[in-house]
Amino acid sequence: MAGVCLALCLAGTAVRAETLVAARNLRPQTVLTPLDIALRDIQVPGALTTADGVVGMETRVTIYAGRPILPGNLGPPALVERNGIVSLTYDRDGLVITAEGRALGRGGAGETIRVMNLSSRQTISGRIQPDGSVKVQ
């Protein structure tokens with residue numbers, strides 16, 4: 001009987017959780033600082049619950065003050081801007097080819113973007129490297 005009472009008492013206790021929210025209105029392409037985020041004592045399914053790894057990330061959409069921050073709202077900060085000139089590298093089995101290209105999109109390290117090779121005018125896809133160059137697959 002005591003076990004049933006304990007179970008009923010625990011079931012009635014609300015589980016408290018914290019959710020990461022925007023401390024102010026955040027426009028797209030804002031690189032987050034500690035002043036941009038806050039923890040609020042609410043539970044929102046799918047929202048971030050800690051600030052670990054969030055500072056330094058870039059917003060992909062507008063996030064209004066007090067709104068929860070979802071993982072899909074953030075990404076790595078952009079290293080390549082649309083229409084920027086980037087170095088293209090193709091490296092396979094010891095063959096290395098480099099060329100210049102024009103980025104057709106914007107993105108951060110690890111993201112795939114389309115790039116136009118300036119020599120051939122061909123549009124290709126590649127993955128942005130941490131140094132801002134684009135490695136062609």
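Q: Two strands pair if DSSP finds at least two bridges between them; which residue stands opposite Asp91 in strand 7?
A: This is a predicted model, where local features need pLDDT (the predictor's confidence in each residue, from 0 to 100) of at least 70, side-chain atom pairs count only at 80 or more, and totals for chains, interfaces and linings use all residues. Residues are numbered from 1 along each chain as its sequence is written, and side-chain values use heavy atoms, without hydrogens and water. Strand 6 (residues 85–92) pairs with strand 7 (residues 95–103) in the antiparallel sense over 8 bridges. In strand 7, the residue opposite Asp91 is Val96.

Q: Which residue in the turn between strand 6 and strand 7 has a positive phi?
A: Happily, this one is easy to find on the model. These two strands form a hairpin with 2 residues between them. The turn residue with a positive phi, about 50°, is Asp93.

Q: Is Thr98 buried or exposed?
A: Thr98 lies in strand 7, and leaving aside neighbours within four places in sequence, Thr98 is in contact (heavy atoms within 4.5 Å) with Leu88 and Thr89. Buried means under 20% relative accessible area and exposed over 50%, with partly exposed in between (1.4 Å probe, protein chains only). Because Thr98 has 55% relative accessibility, this residue counts as exposed.

Q: How far apart in space are Thr98 and Val136, C-alpha to C-alpha?
A: Along the sequence, Thr98 and Val136 are 38 residues apart. In space, their C-alpha to C-alpha separation is 9.7 Å.

Q: Which residue in strand 9 stands opposite Arg102?
A: Strand 7 also runs antiparallel to strand 9 (residues 112–117), and 3 bridges join them. Opposite Arg102, strand 9 places Met116.

Q: Which residue in strand 11 stands opposite Leu88?
A: Strand 6 and strand 11 (residues 134–136) run parallel, joined by 2 bridges. The residue of strand 11 opposite Leu88 is Val134.

Q: In what order do 5 strands close into a barrel?
A: The chain has 1 helix and 11 strands, which are DSSP runs numbered from the N terminus (helices H or I, at least four residues; strands E, at least two). Read along the sequence, the helix comes before the strands, in the pattern α-β-β-β-β-β-β-β-β-β-β-β. The barrel has mixed pairing, and its strand order is 6-7-9-10-11.

Q: Over which residues does pLDDT stay under 50?
A: The mean pLDDT of the chain is 89, and 88% of its residues reach 70 or more. One stretch has pLDDT under 50 and 0 contacts beyond four places in sequence: residues 1–13.

Key
Pairing = 2+ DSSP bridges.
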